[in-house]
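Student: I'm new to this one, so could you take a close look at a single part for me? I'd like to know how the part that splits into domains is put together and what it touches.

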Amino acid sequence: MIRKLLLASVIAILLAFGVLWWLTIPEIVVAASLPPHKPDLSNGHEMFLAGGCSSCHATPNQNDHNKLGGGMALKTPFGTFYPPNISSDAHDGIGGWTEAQFITAMTEGTSPSGEPLYPAFPYTSYQHMTAGDLRDLFAYLKTLPAVQGRVRDHDLRFPFNVRRGVGVWKLLFLDGAPFKPDSTKSAQWNRGAYLVNGPGHCAECHSPRNAFGAIIESERFSGGPSPDGHGGIPNITQFKLKDWSEADFVEVLTTGHMPDFDRVSGPMREVVQNTSQLTKEDRMAMAVYLKSLPPIEGSPPPKKK
Amino acid sequence: MILRTILAGLAVSLCVTAVIAQTDPVKTRENLMKENDQHAKVVVQMMRGQQPFDAKKVEAAFAQWADTAKQLPGLFPKGSEKGGDNRASPKIWQNKKDFDQKAAAFGKAVADNRAKAVASLAGLKQAVAAVGKTCDSCHDDYRLSKR
């Protein structure tokens with residue numbers, strides 16, 4: 001009797017693993033599905049700025065934002081991530097990737113070798129970008145200098161260091177949806193919505209997350225604790241910012257100054273270094289969209305002892 | 001004899017209570033910063049033409065900022081690292097000398113630009129830009145972001 005039970009349990013466990021394995025087979029974009037495209041490098045540059053690639057991937061301890069050798073330590077509740085080298089180096093960076101592989105990484109969170117990428121890389125937002133914009137961005141990245149050297153592996157706690165598990169996370173939290181414009185709103189609002197929710201990935205910092213590290217959808221943009229444990233990230237919905245005009249939002253994205261001349265702090269300063277270089281039209285579009293965010297209180301911060 | 005002892009004890013405890021209430025550094029520095037902010041809002045509104053230039057209000061702002069700069073270095077004793085809505089970064093205690101220098105730079109910028117600020121709107125704009133730089137240089141390194 002016990003032997004039968006044991007056998008049944010072993011088979012059940014093997015079946016479960018098999019199903020999970022099958023469920024987490026990575027999605028990839030196939031090269032043949034991409035129509036011919038002439039890259040627009042100035043659009044690629046705009047996407048590079050809006051996407052904030054250099055904020056995570058620039059080689060630390062130096063000032064050139066175009067040197068994307070990776071290696072900056074990103075402390076989170078799951079452990080420390082080390083963003084990889086995404087320079088144009090063919091061996092240590094992404095210089096040898098195809099367009100399809102780049103699009104797959106950005107929209108499906110899968111690497112060219114078929115492994116899932118950790119969502120500390122915010123493909124949950126980048127997935128909303130159009131193939132055209134991604135191809136322009138890829139072309140632009142390849143014009144930046146090659147940097148040699150691979151980056152060390154992430155330093156994550158068990159079970160987060162089991163990469164295949166991210167496949168399950170993606171099933172639960174990656175909807176694979178491209179950006180859907182709202183036909184009741186202006187072109188400017190839609191451009192802002194695209195920039196903020198796609199390349200801008202603003203909600204990735206400005207939202208609270210659940211125990212699995214996924215954004216709590218109903219509280220998007222209402223802020224949260226800083227992932228490295230020091231300080232907090234503000235609520236940017238109209239619950240907190242109803243006194244801000246669209247011009248105030250543009251000012252923050254341009255100089256980092258808020259209406260009382262105080263300046264944004266921490267990682268937001270890096271963001272402003274990028275957004276300040278976006279076209280005025282794009283900053284205004286983002287401002288229009290951000291001003292329209294419905295007020296969401298979100299969960300209050302935990303009481304300090 | 002007993003009455004005198006009781007009265008003496010009462011007097012001492014009253015004094016001690018008063019002293020403790022005065023010396024909660026976390027509350028004091030938070031209030032100073034909040035007041036800094038109130039004055040900054042007024043001054044920025046003048047710069048944007050949202051309220052008329054008023055030399056008295058500008059003077060009040062600069063006076064309060066000068067006072068803040070003087071008090072700051074003494075408001076971060078060891079043991080006051082946590083508490084309240086504290087945005088003080090642990091780096092302050094790791095680099096206290098540098099923090100104190102930045103507070104001094106703030107005080108100097110306020111003093112150097114006070115006359116110009118009170119004189120005209122154009123002067124005010126230049127003055128606030130100069131003072132603002134010293135606010136930023138300290139905040140960038142020593143103030144935590146907030147929820």
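Tutor: Let's start with a definition we'll want later: a residue counts as buried if 20 or more other C-beta atoms lie within 10 Å of its own, as exposed if 12 or fewer do, and as partly exposed in between. Also keep in mind that what you're looking at is a predicted model.

Now to chain A, the part you asked about. Chain A is divided into domain 1, residues 29-173, and domain 2, residues 187-291. Going by C-alpha atoms, the centres of these two domains of chain A are 21 Å apart. Where they meet, 18 residues of domain 1 are in contact with 21 residues of domain 2. On the domain 1 side, at least two residues each come from α2 (41-51), β1 (74-76), α5 (123-126) and α7 (165-173) of chain A. Helix α2(A) gives the largest share of that side, with five residues. Sort the domain 1 side by type and you get 10 nonpolar, six polar and two charged residues.

Let's zoom in on one residue of chain A, Glu108(A). You'll find Glu108(A) in helix α4, which covers residues 99-108 of chain A. Is Glu108(A) buried or exposed? Neither, quite: Glu108(A) counts as partly exposed because it has 19 C-beta neighbours inside 10 Å, and being buried takes 20 or more. Setting aside neighbours within four places in sequence, Glu108(A) is in contact with Pro26(A), Glu27(A), Ile28(A) and Val29(A). Thr124(A) sits 16 residues away from Glu108(A) along the chain, and 8.4 Å separate their C-alpha atoms.

Chain A also touches a partner, chain B: 16 residues of chain B are in contact with 16 residues of chain A. On the chain B side, α2 (25-47) and α6 (121-142) of chain B each supply at least two residues. The largest share there is the five residues from α6(B). By type, the side of chain B that touches chain A has four nonpolar, three polar and nine charged residues.

And what is that partner like? Chain B has six helices and zero strands, so to speak a run of α-α-α-α-α-α along the sequence. Here's where the opening definition comes back: 24% of the 147 residues of chain B count as buried. Finally, take contacts in chain B between residues at least 6 apart in sequence: 72% of these join residues at least 24 apart.

Technical notes:
Residues numbered from 1 in each chain as written. Chains lettered and ligands numbered in written order. Predicted model: local features only at pLDDT ≥ 70, side-chain atom pairs only at ≥ 80, totals over all residues. Domains from an automatic or database assignment. Contact = placed C-beta atoms within 7 Å. Helix = DSSP H or I, 4+ residues; strand = E, 2+ residues; numbered from the N terminus. Nonpolar A, V, L, I, M, F, W, Y, C, P; charged D, E, K, R; others polar.
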